[in-house]
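Welcome, and please have your viewer ready. We will go from stop to stop, with a selection to make at each one.

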Amino acid sequence: MTGTPAPPAPGGPAPFTADDYTARMRRAAEAADAAGLAGLLIAPGPDLVWLTGYRPVETERLTLLVLRAGQDPVLVVPALEAPDAAGAAGAPALTLRDWTDGQDPYGAAAALLRPAGRYGISDNAWALHLLALRERLPDTGHLALTRALPMLRAVKDSAELDRLAAAGAAADTAYEEIRKVRFEGRREREVAADLDGLLRRFGHSQVDFTIVASGPNGANPHHEAGERAIGRGDMVVLDFGGLKHGYGSDTSRTVHVGEPTDEERTVHELVRAAQEEGFRAVRPGAACQDVDRAARAVIAEAGYGEYFIHRTGHGIGVTTHEPPYMIEGEEQPLVPGMCFSVEPGVYLPGRFGVRIEDIVTVTEDGGRRLNNTSRELAVVG
Ligand code: ZN
Ligand code: ZN
Ligand code: ZN
């Protein structure tokens, strides 16, 4: 899994170009400068993919992109991986600084840095690498990238929005298909395997999660899928997503095996109304916390506030969980092009849970859902 991503499947979106990556790197370096940072240190992972299109495996050998305002980006890379790096779409904008086993890659990286500068560093950079850099430059400061520049990847351009919409549509098709499979008598992990297969059939190259949480398991928001046999009368929370053409999907619907009770219908309707109010709060200039407050108020007013035990949403892009977060205290204003989930839930311990989730993007005058399947309670067999 080293080197550049596979070429897109026929019919897929046009790949990002060297110009796209050059513009992203320049924008990131300028944002760092504006934030008072000497630069950014980017490790293998989603930041590096977004900035360069290069997708190496994360290993003990140092690979590090160094971005500084007004200077060319430099990629410190193991010599044996340099050919892969040189093939990345963003490589024309990069100066490769390769090193061979036995040489000191941290010295090479440190030579690019200001001894007392403060740098943003990828959240997922290995401690191994950061600590070695700190040994070389003890007076250098480091800030997690999502603390330093939380909105760096948050506003998507039209090509990114197209990919997110396509991923959402594929997840929607997977939901339409999973409603037709048998639930009663099968284990959660069997339905989860069906979901995995459907996401891949509809173009996902990576599946990040396939939550199938039946009956009392539904009261645990991050229950994955286990050995429990799904029975008649169960509510089943389905929450699934992954990457298609490099961009994420993430949607939840809650279905019921057979006819639901009045209480189950009431709780489901409450969550549906909360999700709707959260969506309606999406508009440019509203704060992230306004989306959380709008959804939470509906559930609290109905007396279920203590059973909505997580934030209302999270951003999505080249990963399925990233800033911005729809949470109390987050005053970041919404900006057209941001993409995030609106996913309130109610979790009744020992009994059942309900969650309804759409990815939403901010438009010039409101919001647009990237998931569009029915939010009514579906009865499955
Ligand atoms: Zn039931
Ligand atoms: Zn989800
Ligand atoms: Zn989510």
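How many cavities of 30 Å³ or more does the structure hold? There are two. Before you select anything, note that this is a predicted model, where local features need pLDDT of at least 70, side-chain atom pairs count only at pLDDT 80 or more, and totals for chains, interfaces and linings use all residues. Residues are numbered from 1 along each chain as its sequence is written, chains are lettered from A and ligands numbered from 1 in the order in which they are written, and side-chain values use heavy atoms, with hydrogens and water left out.

**Stop 1: the cavities**

A cavity here is a set of points, on a 1 Å grid over the protein atoms alone, where a 1.4 Å probe fits but cannot get out; lining residues have an atom within 4 Å of a point. Grid points are joined across faces, edges and corners, and a volume is the space filled by probe spheres set on the points.

Select A43, P44, T59, T63 and H129: of the 18 residues lining the largest cavity, these are the closest to its centre. The space inside is about 120 Å³. Helix α5 (residues 127-136) gives the largest share of this lining, three residues. Helices (H or I, at least four residues) and strands (E, at least two) are DSSP runs, numbered from the N terminus.

Next, select D47, L145, T146, L149, P150, L152, R153, A154, E322 and P323, which line the second largest cavity. Its volume is about 80 Å³. Both α6 (145-148) and β12 (322-326) supply at least two residues of that lining.

**Stop 2: the second largest pocket**

A pocket, in contrast, is an open set with protein on both sides within 12 Å along at least five of seven lines. Select H222, D239, H314, H321 and E343, the closest to the centre of the second largest pocket among its 16 lining residues. About 250 Å³ of space lies there.

Keep D239 selected and add R355: the two form a salt bridge, with the closest N and O atoms 2.9 Å apart. The term means a side-chain nitrogen of Lys or Arg within 4 Å of a carboxyl oxygen of Asp or Glu. R355 lies in strand β15 (residues 352-355) and D239 in strand β8, so the pair ties together parts that are 116 residues apart in sequence. R355 is buried at 2% relative accessibility, and D239 is buried at 5%. Buried means under 20% relative accessible area, exposed over 50%, and partly exposed in between (1.4 Å probe, protein chains only).

**Stop 3: the zinc ion**

Which residues coordinate the zinc ion (ligand 1)? Select G233 (O), H256 (NE2) and E264 (OE, listed twice), at 2.0 to 2.4 Å. Donors are N, O and S atoms within 2.8 Å of the metal (3.2 Å for Na, K and Ca); water is not among the atoms, so sites may look incomplete.

G233 lies in the loop between β7 and β8 (235-244) and E264 in helix α9 (residues 262-280), so the pair ties together parts 31 residues apart in sequence. G233 is partly exposed at 34%, whereas E264 is buried at 9%.

**Stop 4: a salt-bridge network**

Finally, select R369 and D358, whose side chains meet in a salt bridge (2.6 Å, N to O). R369 is buried, with a relative accessible area of 9%, and D358 is buried at 0%. Extend the selection to R253, E276, E277, R280 and R375: salt bridges that share partners join these residues with D358 and R369 into one network.
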